[in-house]
Each structure stands twice: as C-alpha cells, then as structure tokens.
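Thank you all for making the time today. I would like to walk you through one structure, and I will go slowly for anyone who has not looked at it before.

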Amino acid sequence: MKNLVMQGNVKEGIYTTSEVVADYTNVELRTLNKLTNTYKSRLETFGKVRFEIRPLPSGQKQKIWHYNEQQATLLITFMRNTEQVADFKEALVKAFYELREEVANQRVLLERNKQVNKDLGQVIHEYLPDNQYAYSNYHTLAYKAVTGYTPKQLRSMHHIANAQEALTSEQLDECERVKQAIASLIMIGQPYKVIKQAVSIVK
C-alpha cells in the first residue's frame, strides 16, 4: 500500500482521504460520505473534518473528505470489519506513524538549515559585501542543485511561503551540505561559475 497518508498545510497536518479509504477497503465513496455525514459530530471531536471539491470528467463535482489520524481510525470502526478493512487499518496506522517521524525529522533539519542559511549569509556579507544579488543567487543555486527547481518555483508548485517546507528530510540534509560547501568555496575566493560546477559534485 502506498500514499495512504499525506502532509497538508500547518492547520491540516497529516491526513488521509475518503478516496484512499474507498480504494483500499472496497467501500464506495457514497457510503463513506454517508458515514462521514452521519458521524460528523463524533469525528469532529478530534478536529474539523475538512474536504476538497474535485471536478469529474462528466462536469459534476465530487466531495473528498480529509481525515486526520484519529478521525480515520474512528471512521473505520463504523465500517463492517472485513479482513480487507482490518488490513487497511493496520497499514494506515503504520503510514501515519512513519509520516509523523518524517515530519519530526524535517523540523529538526529545518532548524539546522536556518543556522546554515545564517552562516552562508554571514560569509557572503563578509566576503562579497558589494554584491547585492550574491545571497539570492547562491541560495537559488543550492535549491536547484538539490531539487532541480528554484525556491520561487517550489513555493508556486506547493503553494507555500517558505521553499524549505517543500523539501524532504533527505533534501534538507543535502541542501545543508551544499550551502556549507558554497560558503567554504566563497571563503577561498572561488567565483560563482566554479562554485556552480562544484555543487554538482557535492550532491
């Protein structure tokens, strides 16, 4: 089972959807919609039950519910406990746990990256004081080396204010190494062109 849970914005956090539940339990979406509406007040004991509206090829629209871990677990208790439902519940609990671990690791790395950004900024301020575009250029270079996209592109693609939020733990760690390498190369006087070539080796 893959993609059982997703990471939303800060308010939504980690969630699964009625579409995922339907796919893996062999229960129709309309049945899940009915269950959700019937037990909505109980589900919202664990927070607001959010949803999105998706267009269908027919031109109609479909409501897809978003459930946090507690809501999803409670919803499944209202379903007939077939072997398939039981297997899904087990896999879902594991998926929520794994993504929580990933998010926790991301937060640690985000804090470390803040310090690395500060260090890179200090190096640029000291060694390239007259280049007003240096920090933006090197910051963008690090992101492109790691993800293939600029921070601006990542913010637009993921609808976020901070490009770091789009990176996985592995990418955050890699970005940290690249920025440290950039800072070191700046300190020994290497020009942008040489540094740009070098960061691909750091990867």
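What follows is a short tour of the sheet, the aromatic pairs and the nonpolar cores. Please keep in mind throughout that this is a predicted model.

Let me begin with the sheet. It is an open sheet of four strands, in the order β1-β2-β4-β3, and the pairing is antiparallel. At its edges are β1, residues 6–7, and β3, residues 50–55, each of which pairs on one side only. As general background, the strands of a sheet pair through backbone hydrogen bonds, in either a parallel or an antiparallel way.

If we look at the pairing in more detail, β3 and β4, the latter covering residues 61–67, run antiparallel and are joined by six bridges. Several opposite positions can be picked out along this pair: R50 faces H66 in β4, F51 stands opposite W65, and E52 stands opposite I64. The two strands form a hairpin with five residues between them, and in the turn G59 has a positive phi of about 100°. While we are on this hairpin, I would also point to K63, which lies over the face of F51 at 4.3 Å from the ring centre.

With β2, strand β4 again runs antiparallel, and here two bridges join them. In that pairing it is T17 that stands opposite H66 in β4.

Which helix packs on this sheet? That is α4, residues 69–77, which touches β2 (14–17) and β4, and whose direction makes about 105° with that of β4. Within helix α4 we find Q71, and a fair thing to ask is whether Q71 is buried or exposed. Its relative accessibility is 1%, and since buried means under 20%, Q71 counts as buried. Setting aside neighbours within four places in sequence, the contacts of Q71 are L43, F46, G47, K48, V49 and H66, and H66 is the residue we have just met opposite R50.

Let me turn now to the aromatic rings, where the count comes to four pairs. In one of them, Y39 and F78, the ring centres are 3.8 Å apart and the planes stand at 15°, so this pair is stacked. The pair links distant parts of the chain, 39 residues apart, with Y39 in the loop between α2 (29–38) and α3 (40–43), and F78 in the loop between α4 and α5 (83–127). Y39 counts as partly exposed, at 26% relative accessibility, and F78 is also classed as partly exposed, at 24%.

Another aromatic pair, Y138 with Y192, is tilted, with 5.3 Å from centre to centre and 50° between the planes. Because Y138 lies in helix α6 (residues 134–147) and Y192 in helix α9 (residues 192–202), the pair ties together parts that are 54 residues apart in sequence. Here Y138 counts as buried, at 5% relative accessibility, whereas Y192 is partly exposed, with a relative accessible area of 34%.

That brings me to the interior. In soluble globular proteins, nonpolar side chains tend to be buried together. In this model the largest nonpolar core has 26 residues, and those with the most contacts inside it are L4, V5, L32, Y67, M79, F88 and L92. The elements giving two or more residues to this core are α1 (18–25), α2, β4, α4 and α5, and of these α5 gives the most, with seven residues.

Y67 is worth a moment here. Not counting residues up to four places away in sequence, Y67 touches a long list of residues, including I14, Y15 and T16, as well as L32, V49, A72, L75 and F96.

Apart from this core lies another, of 24 residues, among them V123, I124, Y143 and I195.

I will finish in helix α6, where A142 is found. A142 is buried, with a relative accessible area of 0%. Leaving aside neighbours within four places in sequence, A142 is in contact with C175, V178, K179 and I182. The C-alpha atoms of A142 and E174 are separated by 9.1 Å, although these residues are 32 apart along the chain.

Terms used:
Residues numbered from 1 in each chain as written. Predicted model: local features only at pLDDT ≥ 70, side-chain atom pairs only at ≥ 80, totals over all residues. Heavy atoms only, no water. Pairing = 2+ DSSP bridges. Contact = heavy atoms within 4.5 Å. Axes fitted to C-alpha atoms, helices over the stretch in contact; angles between N-to-C directions. Buried < 20%, exposed > 50% of the residue type's maximum accessible area, 1.4 Å probe, protein only. Phe/Tyr/Trp six-rings, centres within 6.5 Å; stacked < 30°, edge-to-face > 60°. Lys NZ or Arg CZ within 6 Å of the ring centre and 35° of its normal. Core = buried A, V, L, I, M, F, W, Y, C linked by side-chain atoms within 4.5 Å.
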